[in-house]
Amino acid sequence: MIELEDFRTVVAVVDSGGINKAAHLLHRVPSALSMRLQNLENRLGVRLFEKQGRNIIPTSYALELAEDGRKILSSVQTAESRLVKRQPGGLLRLGATDSLAGTRLAGPISDLIHRYPSIRLELQVASSEQISKSLLDREVDAGLMITHTYHEEFRTVALFPEKLVLIASKNHCPVLTPKDIEHETVFAFHITGTHHDQCLEWFHEAGMTPARVIELPSYSAILGTVAAGLGVSVVPLHWIEYFHCIDTVSVHQLPETLSEVRVDFVHLKHVQSPNLKALESILLELKTL
């Protein structure tokens, strides 16, 4: 296996043009560099340098190795610098619910990438429950989730409230109680999602259950089926306002105790990376958007 010191030696000899100059640059004695090069040649089974009088000439193998070495040494230096300076950079895996990823998260993500171009962001869209599991399984680094019961290992930062409303077809009669929709199909994005839980709680408080519940794969599908008069659903008000589709359905208020949930920034307590701090800072700046 080629060691980092092997790369440093080959790069120094190729760039300086000789053993003595390379030894001076690396603060080594020339004999130590000569021995390392000889051992490297023996391990690789190739000739790296040819002697021409007092000079040594790099072979094509040495030039190729030096080119790779510069890239590797640069990457190592970048990694070391990032750890020492604690600067944001590298991979950041973020989970977010569908309604947040498509609306409120667009601005913060754009701002994060603009400020810290060395961050490579991966976004996983899932339910809050799935994001929680991914956090515990170390499959994502942080999540933007709707308030629910969090694991004791999580650190949470409250961002902003999310108002929930019930939507029905455009000409639907007013919905004041669950009895007004007792024969309707309830469409849900996630059967176990917080929005659907609020709807179930509303029915439960009235001593009722929905006639039928159907899970659909996206909010767009939910909006289309509701607008067509096939049922009702509970969705974030911001979502239908953001996509200018509020005129395609009728909007009905839920009881105040059920109409507001909270969006949180969540990650494991013991993880405090520069990437997470940078994202949290931006989210807190834009929390009112």
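The exercises below work through the overall form of a predicted model, then one strand and one histidine.

The model is predicted, so local features need pLDDT of at least 70 and side-chain atom pairs count only at pLDDT 80 or more, whereas totals for chains, interfaces and linings use all residues. Residues are numbered from 1 along each chain as its sequence is written, and side-chain values use heavy atoms, with hydrogens and water left out.

**Exercise 1. Describe the overall form of the chain.**

Step 1. Begin with the secondary structure, which comes to 11 helices and 11 strands; helices (H or I, at least four residues) and strands (E, at least two) are DSSP runs, numbered from the N terminus.

Step 2. Compare the radius of gyration, which is 30 Å, with the 19 Å that the globule rule gives for 289 residues: the value is well over the rule, so the chain is more spread out than a compact globule. Here the radius is taken over C-alpha atoms, and the rule is 2.2 Å times the number of residues to the power 0.38.

Step 3. Add the box that the C-alpha atoms fill along the principal axes, roughly 100 × 35 × 30 Å.

Step 4. Turn to burial and contacts: 44% of the 289 residues count as buried, where buried means under 20% relative accessible area, with a 1.4 Å probe and protein chains only. Among contacts with a separation of 6 or more, 74% are between residues 24 or more positions apart, a contact being heavy atoms within 4.5 Å.

**Exercise 2. Place strand S9 among its neighbours.**

Step 1. Locate S9 at residues 232-236, where 5 of its 5 residues are buried.

Step 2. Sort the side chains by direction: Val 232, Val 234 and Pro 236 point one way, while Ser 233 and Val 235 point the other way, and all are buried.

Step 3. Identify the partners, given that two strands pair if DSSP finds at least two bridges between them. Strand S6 (residues 154-168) pairs with S9 in the antiparallel sense over 4 bridges, and Leu 166 has Val 234 as its bridge partner in S9.

Step 4. Strand S7 (residues 185-188), in turn, pairs with S9 in the parallel sense over 2 bridges, and the partner of Val 186 in S9 is Val 232.

**Exercise 3. Characterise the surroundings of His 196.**

Step 1. Assign His 196 to helix H8, which spans residues 194-205.

Step 2. Read its relative accessibility, which is 5%, so His 196 counts as buried.

Step 3. Leaving aside residues up to four places away in sequence, list what His 196 touches: Val 186, Ala 188, His 190, Ile 191 and Val 213.

Note on methods: Buried means under 20% relative accessible area, exposed over 50%, partly exposed in between (1.4 Å probe, protein chains only).
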